[in-house]
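Got your viewer open and a cup of something warm nearby? Let's take a walk through this protein, one selection at a time.

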Amino acid sequence: MLEKEPRFIKMYDIFSGNLFQKEKYTLVIPNYQRGYKWAVKDKNNPEHESSVEHLIKTIVESFNVDAELFLQGITVAEINRKEGKSIIIIDGQQRITTLY
């Protein structure tokens, strides 16, 4: 297996199609990933914010003080197919789905 050095990329580049400049690619969320849960509030603690609310609040606060924000790593695997490259999301599906 070929391992590559980790790199930092902007979320905009993932969603705009700029991740691989000259290649078509598809983001794939495999079936083994859990369903989307971040928008669900805790039934036992309904006044507590959901993960989506927390993420948006954190982004807004960082923006207001002109600070960079690291949203944790996202782990992917690349698979080349004849119809183009597939980027398989291994970890970070909830964050990517929320931001998309």
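Start by selecting Thr98, which sits in helix H3. Keep in mind as you click around that this is a predicted model.

Is Thr98 buried or exposed? Thr98 counts as buried because its relative accessible area is 17%, and the cut-off for buried is under 20%.

Now show what surrounds it. Setting aside neighbours within four places in sequence, Thr98 is in contact with Tyr36, Trp38, Val52 and Leu55. Pick Tyr36 from that group and draw a line between the two C-alpha atoms: Thr98 and Tyr36 are 8.8 Å apart in space, although 62 residues separate them in sequence. Next, turn on the side chain of Thr98 and follow it to the backbone oxygen of Gln94, which it reaches at 2.8 Å.

Stay in the same part of the chain and select Arg95. Helix H3, residues 93–99, is where you'll find Arg95. Why does Arg95 count as buried? Its relative accessibility is 10%, and anything under 20% is called buried.

So what does Arg95 touch? Leaving out residues up to four places away in sequence, the list is Trp38, Leu71, Gln72, Gly73 and Ile74. Zoom in on Gln72: the side chain of Arg95 reaches its backbone oxygen at 3.2 Å. Try highlighting Trp38 too, since you've met it before: Trp38 is in contact with Thr98 and is also touched by Arg95.

Time to move to another helix. Select residues 51–64, and you have helix H2, with 14 residues. Two residues from your Thr98 list, Val52 and Leu55, fall within the range you just selected. From first C-alpha to last, H2 reaches 20 Å, close to the 20 Å expected at 1.5 Å a residue. After H2, click on Asp66, where phi is positive, near 55°.

Finally, zoom out and colour by secondary structure. How many helices and strands does the protein have? There are 3 helices and 3 strands. Trace the chain along its sequence and you'll read the pattern α-β-α-β-β-α.

With the whole protein in view, switch on the surface. About 8,300 Å² is exposed, and carbon and sulfur atoms supply 53% of that. Of the 100 residues, 21% count as buried, with Thr98 and Arg95 among them. As a last stop, think about the contacts between residues with a separation of 6 or more: 50% of those join residues 24 or more positions apart. The Thr98 and Tyr36 pair, 62 residues apart, is one you can go back and look at.

Notes. Residues numbered from 1 in each chain as written. Predicted model: local features only at pLDDT ≥ 70, side-chain atom pairs only at ≥ 80, totals over all residues. Heavy atoms only, no water. Helix = DSSP H or I, 4+ residues; strand = E, 2+ residues; numbered from the N terminus. Expected span 1.5 Å × (residues − 1). Buried < 20%, exposed > 50% of the residue type's maximum accessible area, 1.4 Å probe, protein only. Polar contact = N/O pair within 3.5 Å; in protein donor to acceptor, adjacent residues only side chain to side chain. Contact = heavy atoms within 4.5 Å. Areas by Shrake-Rupley, 256 points an atom, 1.4 Å probe, with all protein chains shown as cover.
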